[in-house]
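The following exercises are to be worked from the sequence and the coordinates. Each task is followed by a stepwise solution.

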Amino acid sequence: MVRGAPSPAPSRGNVRHSENHRTSATQLVSLFALPLLVLASAACSGGNVKTIVVTPSSKKIDNGSTLQLVATATFRDGTTEDISATAEWSSSDPLVATVASSGLVTAGLPGSVTITASAEGASGSASLSVAGFMPVQKTLLDAPSGYVDQPVVAMDGAGRLLVAYGISEPSYPFRTAKTGTEWPPVWTGENSGVTDAWPTSGADVEMASNATGIAGMVYRRRASPSASSADFYSIGVAYHDLTGWRWVTPLQGSLLLQWGQEPRTPVVEVDPAGTIFVAYQDATPTYALDTLAVARFGPAGLIDVTRFSEKVGRIYVAANDAGQVMVLNTLTGSRVFDGGQWGDLKPFTVNIADNARLTLFETGSAMLLVFDEADVHFAFDGSSWSAGERLNGFDGGGGSGATDATGRAVVAWGESTGMKARVFDGASWGDPVTIEANRVGNPSVVTNGSGTFVVLWDIPFVAIRGTWFDGVWHHPANVLPSGVFLPMVKMRSGGRIAIVHDDAAVYDSLFAWSVELRP
């Protein structure tokens, strides 16, 4: 450096200082921007939510019920939060279950479904199984020009179904249809051979079958093809096996009274050997109504008629798998046919209403479930009858009940406050429970014979609803749409249910539904 040379200009230094300041500012901006860039990058790759857990992660629920799921998010800083209200919810199958924005699941048809909660690129799910009723088939059995009159249905141990029904046409025919053992059932019509049914063919018609497919039917028959309501009438009996209707015959010496004087409705049962028992009040002049008669029929026709001289009340008949048959006359008592002969009379003197169900167990004991204003059950221990406790209040719809081979029973009835039920465990009755809080119609109770009981009831012009009991009561749900009228219900083993019914909107149509209970 030349001595005495001038010092650098201040402006130079100022420029350099300015450049240094500018570089520092850029670095400062970069330091502040870096976290923002990191956050932006994190957002692009999934956000602050690291994982989502949905609870419960797996559960079985009933169709028609609801379940609140909870979505819990774990953030990248390790904290957690309930994000159920803000997560995006979705269902893999909305027919099985739908999910609301809050995570509330509503169960639909039976099946499996995955419910997923998502947020910021993360997701979690729950696997749900829905149990309940699944309609699988609807079949039009008949659409005649006249209306269908009160079908009756029988089912054998293999699940074969037989339905008989009258038609209000000028000729008043009586028609039948049947199925094989396949599922869903394949229905075929057949000629019943009944040409003398009373004009209101469904009235006073009963049908029963045994486990091997032998069925018997009793019906009110006309004295002549031109018979009117003022004419005399009697009983007709028909025999059906696996091939079809074998024969139809009038029951001689049975009901020979005018319309306004009809005696008790005849009843029918089939024992394991295929013998048909028809119990009725003999009204011929010789017996003057004070006679209970029991006719037995086989493949070739009438075997014999046994008459008991006694006042006749309501008549019930039941068979067990041991080959015994009980006939109960509510004004006198019961007798059991066993080993080819009738046993002694066991007194029973309560003249109950029509709506009752008699079950005879293999042990020789029996149960009579009664559904009227004095709703009670009666128990037979093999030697005498005793009255049990009152079962319900019975201030609304009708009642129904079923028993299985172990002696368990379920009764259900309608009240103004809803559908009620009680369970008999073989020793005592449980307390009444409300299985549907809405105003309901008459119930039907059926069982698969191995511990599962199904209760179906109608909410008029809304739906057929139902529930089931397999140790616990399940949530009620819609089973069939509206339009089902006076359903006749049968249940196979394995939860397969057949429902035959008139159509509430189209009175000249008869339908059959196949429904599965998928627990």
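**Exercise 1.** Determine which residues line the second largest cavity of this predicted model, and which strands supply them.

*Solution.*
1. The search over the whole structure returns two cavities of 30 Å³ or more.
2. The second largest cavity has a volume of about 40 Å³.
3. Its lining consists of Leu 292, Val 294, Phe 308, Val 327, Asn 329, Gly 333, Ser 334, Arg 335 and Trp 342.
4. At least two lining residues come from each of β21 (291–298), β24 (325–329) and β25 (333–338).
5. Leu 292 and Val 294 fall within the range of β21, while Val 327 and Asn 329 fall within that of β24.
6. The largest contribution is that of β25, with three residues.

**Exercise 2.** Establish the strand order of the open sheet that contains β3, and identify its edge strands.

*Solution.*
1. The open sheet has three strands in the order β3-β8-β7, and their pairing is antiparallel.
2. β3 (66–68) and β7 (97–99) each pair on one side only, and are the edge strands.
3. On average, neighbouring strands of this sheet are turned by 20 degrees against each other, direction ignored.
4. Three bridges join β7 to β8 (residues 104–107) in the antiparallel sense.
5. Val 99 has Val 105 of β8 as its bridge partner.

**Exercise 3.** Characterise the protein chain as a whole by its secondary structure, burial and contacts.

*Solution.*
1. The chain contains one helix and 42 strands.
2. Of its 519 residues, 50% are buried, that is, under 20% relative accessible area.
3. Among contacts with a separation of 6 or more, 46% link residues 24 or more positions apart.
4. The exposed area is about 23700 Å², of which carbon and sulfur atoms supply 53%.

How values were computed
Residues numbered from 1 in each chain as written. Predicted model: local features only at pLDDT ≥ 70, side-chain atom pairs only at ≥ 80, totals over all residues. Heavy atoms only, no water. Pairing = 2+ DSSP bridges. Helix = DSSP H or I, 4+ residues; strand = E, 2+ residues; numbered from the N terminus. Axes fitted to C-alpha atoms, helices over the stretch in contact; angles between N-to-C directions. Buried < 20%, exposed > 50% of the residue type's maximum accessible area, 1.4 Å probe, protein only. Contact = heavy atoms within 4.5 Å. Areas by Shrake-Rupley, 256 points an atom, 1.4 Å probe, with all protein chains shown as cover. 1 Å grid on protein atoms, 1.4 Å probe; cavity = no way out; pocket = protein on both sides within 12 Å on 5 of 7 lines; lining within 4 Å. Points joined across faces, edges and corners; volume = space filled by probe spheres on them.
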